[in-house]
Amino acid sequence: MSARITRRVVATVLASGAVVAAVALPAGAAETRDHGRFSRVVIGDVNTRDGHGGRFGRGGEWIEVVNTGRGSVNLRGWTLSDRDGNRYRFNNVWLVGHSKVRVHTGFGRDTRRDVFQDRRNSVWDRRDAATLRNDHRRVVDVKSWSGRR
């Protein structure tokens, strides 16, 4: 009889451990999939010059967002902002491993390599900073620049 009670207690403890692990798993799994050790998203190159004489298109000012890891990352809900409070919010943009997307200030048609803010005026000053935040509003990367370009 004592062995039967011991087995039941052990089974209950093991089952409880499995429930705790199952509840804790989604948070950790999401972190690894989105920006864990296999995927790191950073701000890459910056072009603060308007290449089209006031029309901010494909050649105008832009900032690259780069996935330096192997895993894919969905940037939905992530934001890219400047010191003046201008903010771009990503829609359903997937960055596969070792890829990048350019966030252009002006007008254009979004692709997997280029997205557009559809703004008429420049955002990125010659002395500015870009802040990349994830969908939980946590700062992922900051890049500042100054001087000549």
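**Exercise 1. Work out how strand 9 sits in its sheet, starting from its link to strand 10.**

Start with the pair itself: strand 9, which covers residues 128–133, runs antiparallel to strand 10, and six bridges hold the two together. Keep in mind that you're looking at a predicted model.

Next, pick one bridge and find both ends. Take Ala130: across in strand 10, its bridge partner is Lys143.

Now widen the view. The sheet is open and has four strands, in the order 5-4-9-10, with antiparallel pairing. Its edges are strand 5 (87–89) and strand 10 (139–145), each of which pairs on one side only. On average, neighbouring strands here are turned by 15 degrees against each other, if you ignore direction. As for what does the pairing, strands of a sheet pair through backbone hydrogen bonds, either parallel or antiparallel.

**Exercise 2. Find Asn134, decide whether it is buried or exposed, and say what its side chain contacts.**

First, the location: Asn134 is in the loop that links strand 9 and strand 10.

Second, the accessibility. Asn134 has 4% relative accessibility, and buried means under 20%, so Asn134 is buried.

Third, the contact. A polar atom of the Asn134 side chain lies 2.8 Å from the backbone nitrogen of His136.

**Exercise 3. Describe the largest pocket and sort the residues that line it.**

Begin with the volume: the largest pocket holds about 210 Å³ of space.

Then go round the lining, which is made up of Glu64, Trp94, Leu95, Val96, His98, Ser99, Lys100, Arg102, Arg112 and Arg113. Strand 6 (94–95) and strand 7 (100–104) each supply at least two of these residues.

Finally, sort them by character: three are nonpolar, two polar and five charged.

**Exercise 4. Compare His98 and Asp118: where is each one, what is its phi, and how accessible is it?**

Take His98, which also lines the largest pocket. You'll find His98 in the loop between strand 6 and strand 7. Its phi is positive, about 55 degrees, although His98 is not a glycine. With 59% relative accessibility, and exposed meaning over 50%, His98 counts as exposed.

Now do Asp118. This residue is in the loop between strand 8 (114–116) and strand 9. Asp118 isn't a glycine either, yet has a positive phi of about 60 degrees. Its relative accessibility is 42%, which lies between the 20% and 50% cut-offs, so Asp118 is partly exposed.

Definitions and conventions:
Residues numbered from 1 in each chain as written. Predicted model: local features only at pLDDT ≥ 70, side-chain atom pairs only at ≥ 80, totals over all residues. Heavy atoms only, no water. Pairing = 2+ DSSP bridges. Axes fitted to C-alpha atoms, helices over the stretch in contact; angles between N-to-C directions. 1 Å grid on protein atoms, 1.4 Å probe; cavity = no way out; pocket = protein on both sides within 12 Å on 5 of 7 lines; lining within 4 Å. Points joined across faces, edges and corners; volume = space filled by probe spheres on them. Nonpolar A, V, L, I, M, F, W, Y, C, P; charged D, E, K, R; others polar. Buried < 20%, exposed > 50% of the residue type's maximum accessible area, 1.4 Å probe, protein only. Polar contact = N/O pair within 3.5 Å; in protein donor to acceptor, adjacent residues only side chain to side chain.
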